[in-house]
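Take a moment with the sequence and the model below. The text that follows walks through the ligand site and then visits a few residues elsewhere.

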Amino acid sequence: MATTPKPLTLPLNSGGKIPLLGFGTWQITGASARDAVRTALETGYRHIDTATIYRNEQDVGAAIRDSGLDRTEIFVTTKLPPSLAGRARATIEESLRLLGTDYVDLWLIHWPPDDDASPKTWKAMLAAREDGLAKAVGVSNYDPAQIDELVETTGEAPAVNQVPWSPRQYDEKRLTHSRERGVVLEGYSPFKGSNLKDPVLRDIAEAHEVTTAQVIVRWHIEHEIVVIPKSATPERIASNFDVWNFSLTPDDVARIDALGH
Ligand SMILES: NC(=O)c1ccc[n+]([C@@H]2O[C@H](COP(=O)([O-])OP(=O)(O)OC[C@H]3O[C@@H](n4cnc5c(N)ncnc54)[C@H](OP(=O)(O)O)[C@@H]3O)[C@@H](O)[C@H]2O)c1
């Protein structure tokens, strides 16, 4: 089967591009985080997602250095905990120290501080970008109205909104809202949000001779939605990335989308 001519990266509204398939690192720390990230980089992932609250930035940084890859080849995301919104600058400086790098490719507000869009925090993010500490800045767990509030108050849309996403959570309206504002939608917890034994996913997986997990990753790619599966298991780290030699048909995609209705 031929590989589909889908882009492997998406452009970001402030410049640069984000790899569509990245590696999640929540709930792994210490040696298991270093081993998992090293395996991911050996496998071919070039996008690593961490956060201050994951307490593994130092391990992610060590794995990046161990990989021997040039820093510029890897897209690194970290996130500002809302509880530290008042100390944004000091927090990113600490992230950079732990990661052992001069900049991150993407820095996100992890979730809305006090359930508020918080334009003040967003301005601090933009200032960090202007100063080169982050190449791009964005948000996570923001709803469409909160995105609009940031755009209305600062004129700058987040480069990315990272939100829970999986076939069951497919929401075309939200996708359209993001795209109309130039915000890249990045999905998280693709497997935790899914039933890997769902009969529709199984049927499609059998037809393509792949696993249901691979169908879920590939479904994100067909939609050009960034996906960041996490695994601490070397075989799964490899298989979750092995999605370039098959593609879903428009009918497959429609059947999977319908799981979200
Ligand atoms: N912004 C936010 O608020 C937020 C929230 C949650 C997550 N995230 C980010 O998104 C990333 C991904 O989400 P997640 O870690 O919550 O969940 P996930 O990637 O949906 O699922 C991870 C779980 O699925 C298992 N798994 C991985 N590959 C599998 C496969 N091929 N077959 C069966 N099971 C498989 C993993 O087990 P093993 O590890 O044992 O293989 C682990 O238990 C996170 O790591 C984090 O970077 C962001």
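**Around the ligand**

The ligand sits in the largest pocket. Keep in mind that this is a predicted model.

Start with the company the ligand keeps. It is surrounded by 25 residues. The closest are Asp49, Ser189, Phe191, Ser231 and Thr233. Sorted by class, this shell holds 10 nonpolar residues, 10 polar ones and five charged ones.

Now look at the backbone. A polar backbone atom of phenylalanine 191 is 2.7 Å from an oxygen atom of the ligand. For alanine 232, the distance from a polar backbone atom to a ligand oxygen is 2.8 Å. For threonine 25, such a backbone-to-oxygen distance is 3.1 Å. How much of the ligand does the protein cover? On its own, the ligand has 910 Å² of accessible area, and the protein covers 85% of that.

**Two residues with a positive phi**

One of the closest residues deserves a second look: Ser189. Serine 189 belongs to the loop between strand 9 (184-188) and helix 7. Its phi is positive, about 50 degrees, although serine 189 is not a glycine. Why does that stand out? Most residues other than glycine have a negative phi. Is serine 189 buried or partly exposed? Its relative accessible area is 23%, so serine 189 counts as partly exposed. The cut-off for buried is under 20%.

Asparagine 141 also has a positive phi without being a glycine; here the angle is about 60 degrees. Find asparagine 141 in the loop between strand 7 (134-140) and helix 5 (144-154). Asparagine 141 is partly exposed, because its relative accessible area is 25% and the partly exposed range begins where buried, under 20%, ends.

**Into the helices**

Go next to helix 7, which spans residues 199-208. Histidine 208 is found in this helix. Is histidine 208 buried or exposed? Its relative accessibility is 10%, so histidine 208 counts as buried. From histidine 208, look across to phenylalanine 241. The two are 33 residues apart in sequence. In space, their C-alpha atoms are 16 Å apart.

Helix 2 covers residues 57-67, and aspartate 66 has its place there. The side chain of aspartate 66 is joined to that of arginine 38 by a polar contact of 3.1 Å. Another pairing to trace is aspartate 66 with leucine 41. Along the chain, 25 residues separate them, and their C-alpha atoms are 9.8 Å apart. The relative accessible area of aspartate 66 is 48%, so this residue is partly exposed. To count as exposed, a residue needs over 50%.

**One more loop**

Follow the chain on from helix 2. Glutamate 73 has its place in the loop between helix 2 and strand 5 (75-80). With a relative accessible area of 42%, glutamate 73 is partly exposed. How far is glutamate 73 from leucine 185, C-alpha to C-alpha? The distance in space is 22 Å, while their positions lie 112 residues apart in sequence.

Conventions: Residues are numbered from 1 along each chain as its sequence is written. This is a predicted model: local features need pLDDT of at least 70, side-chain atom pairs count only at pLDDT 80 or more; totals for chains, interfaces and linings use all residues. Side-chain values use heavy atoms; hydrogens and water are left out. A residue is near a molecule or strand if one of its heavy atoms lies within 4 Å of it. A polar contact is a pair of N or O atoms within 3.5 Å; within protein, one must be able to donate a hydrogen and the other to accept it, and residues adjacent in sequence count only if both atoms are side-chain atoms. Accessible areas come from the Shrake-Rupley method with a 1.4 Å probe; for residues, only the protein chains shown count as cover. On a 1 Å grid over the protein atoms alone, a cavity is a set of points where a 1.4 Å probe fits but cannot get out, and a pocket is an open set with protein on both sides within 12 Å along at least five of seven lines; lining residues have an atom within 4 Å of a point. A molecule sits in a cavity or pocket if more than half of its atoms lie within 2 Å of its grid points. Ala, Val, Leu, Ile, Met, Phe, Trp, Tyr, Cys and Pro count as nonpolar, Asp, Glu, Lys and Arg as charged, and the others, Gly among them, as polar. Helices (H or I, at least four residues) and strands (E, at least two) are DSSP runs, numbered from the N terminus. Buried means under 20% relative accessible area, exposed over 50%, partly exposed in between (1.4 Å probe, protein chains only).
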